[in-house]
Amino acid sequence: MIVITAPTGNIGRHLLPLLLDSAPAHDERLRVVVRDPARLPDAVRDQVEVVTGSHGDAEVVGRAFEGADAVFWLVPPDASRTPEDAYRGFTRPAAEALVAHGVGHVVGVSALGRGTPAADRAGLVTATFAMDDLLTDTGVAYRALANPSFFENLLEDADTIRETGVFTDAVDADRQAPLVAVADIAAVAADLLLNRSWSGSDSVPVLGPQDLSPNDLARIMTGQLGRPVRYERQSLDDLLTSLLGYGLDKAFAQGIVDMKRAKNEGLDAGVTRTPATSTPTTFHDWCAQTLKPAILK
């Protein structure tokens, strides 16, 4: 039995079909934890067990983890809470349920940067590491998917790219860093969940195929969209003001700013790229398949 949290999210909606395709051959059953089962496609609801509720709730994870052998763990962002509470606090009931029900393996969505000089002052990433430590302390076999920023983050700028040809971030225009497609993260997670010969606790870097800078992204988007796209760097002060204007918890907003600062200081540069840590989806292909249809709709 494999339990999937956040099955309708960015990563979960790619992971669930992969598991549905492969689970029968591995003699696995699937159970999902979802707040609103109506968001699951009808065909999916017929093939999985559904536990309704938040996986931050002790009663819900108690039901979800009973009889489970493996769990895919993803904390949904909650900008109404402090980073510590949003990650470690949200995960604490699950950590207790893992122990209570003797779950053997957990694959969690985490971040790059552990062991780097900026790791303890990286805002949301630092809070994510605290979540990893909590899960490791349960004694469960744990793999933290150490991810950089996602290609999909650019979809938040789709309207401004369409209307003005501009996207923004808070890092140097020429700073190259790894970037990854969420579908590739899902593929790595599926392999770990279905092939549970691993033990102990470790990180699994998921780096995408190459390091790219904002200026590199602008050049590739320009070619794909057939119109000029340029990058504008936003100051950290302006970013904080914008986030607070959206109503985010002040500590959570500061956690985003601190994460951006740490990324600009090399937070994501601490892992050597190898064939094992690279994933296949290129930014060029992702633009053609995902970004271009969203912008030129």
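**Pocket, sheet and helix: a briefing**

The lining of the second largest pocket has five nonpolar, five polar and three charged residues by class. The model is predicted. Three topics follow: this pocket, an open three-stranded sheet, and helix α1 with its buried residues.

**Second largest pocket**
- The space in the second largest pocket is about 220 Å³.
- Its lining is made up of 13 residues.
- Nearest the pocket centre lie A6, T8, V34, R35 and R39.
- Rolling a probe the size of a water molecule over the atoms shows where empty space is left.

**Open sheet**
- Three strands form an open sheet in the order β7-β9-β11.
- The pairing in this sheet is mixed.
- Strands β7 (149-150) and β11 (211-212) are the edges, and each pairs on one side only.
- β7 and β9 (residues 177-180) run parallel and are joined by two bridges.
- S149 has L179 in β9 as its bridge partner.

**Helix α1**
- Helix α1 spans residues 12-22.
- Its buried residues are G12, L15, L16, L19 and L20.
- These buried residues lie on the same side of α1, because they cover an arc of only 130 degrees around the axis.
- An α-helix has 3.6 residues a turn, so residues three or four places apart point the same way.
- What do the buried residues of α1 pack against? Their strand partners are β1 (2-5), β2 (30-34) and β4 (70-73). Their helix partners are α2 (42-45) and α7 (182-194).

How values were computed: Residues are numbered from 1 along each chain as its sequence is written. This is a predicted model: local features need pLDDT of at least 70, side-chain atom pairs count only at pLDDT 80 or more; totals for chains, interfaces and linings use all residues. Side-chain values use heavy atoms; hydrogens and water are left out. On a 1 Å grid over the protein atoms alone, a cavity is a set of points where a 1.4 Å probe fits but cannot get out, and a pocket is an open set with protein on both sides within 12 Å along at least five of seven lines; lining residues have an atom within 4 Å of a point. Grid points are joined across faces, edges and corners, and a volume is the space filled by probe spheres set on the points. Ala, Val, Leu, Ile, Met, Phe, Trp, Tyr, Cys and Pro count as nonpolar, Asp, Glu, Lys and Arg as charged, and the others, Gly among them, as polar. Two strands pair if DSSP finds at least two bridges between them. Helices (H or I, at least four residues) and strands (E, at least two) are DSSP runs, numbered from the N terminus. Buried means under 20% relative accessible area, exposed over 50%, partly exposed in between (1.4 Å probe, protein chains only). The arc is that of the directions from the helix axis to the C-beta atoms. Contact means heavy atoms within 4.5 Å.
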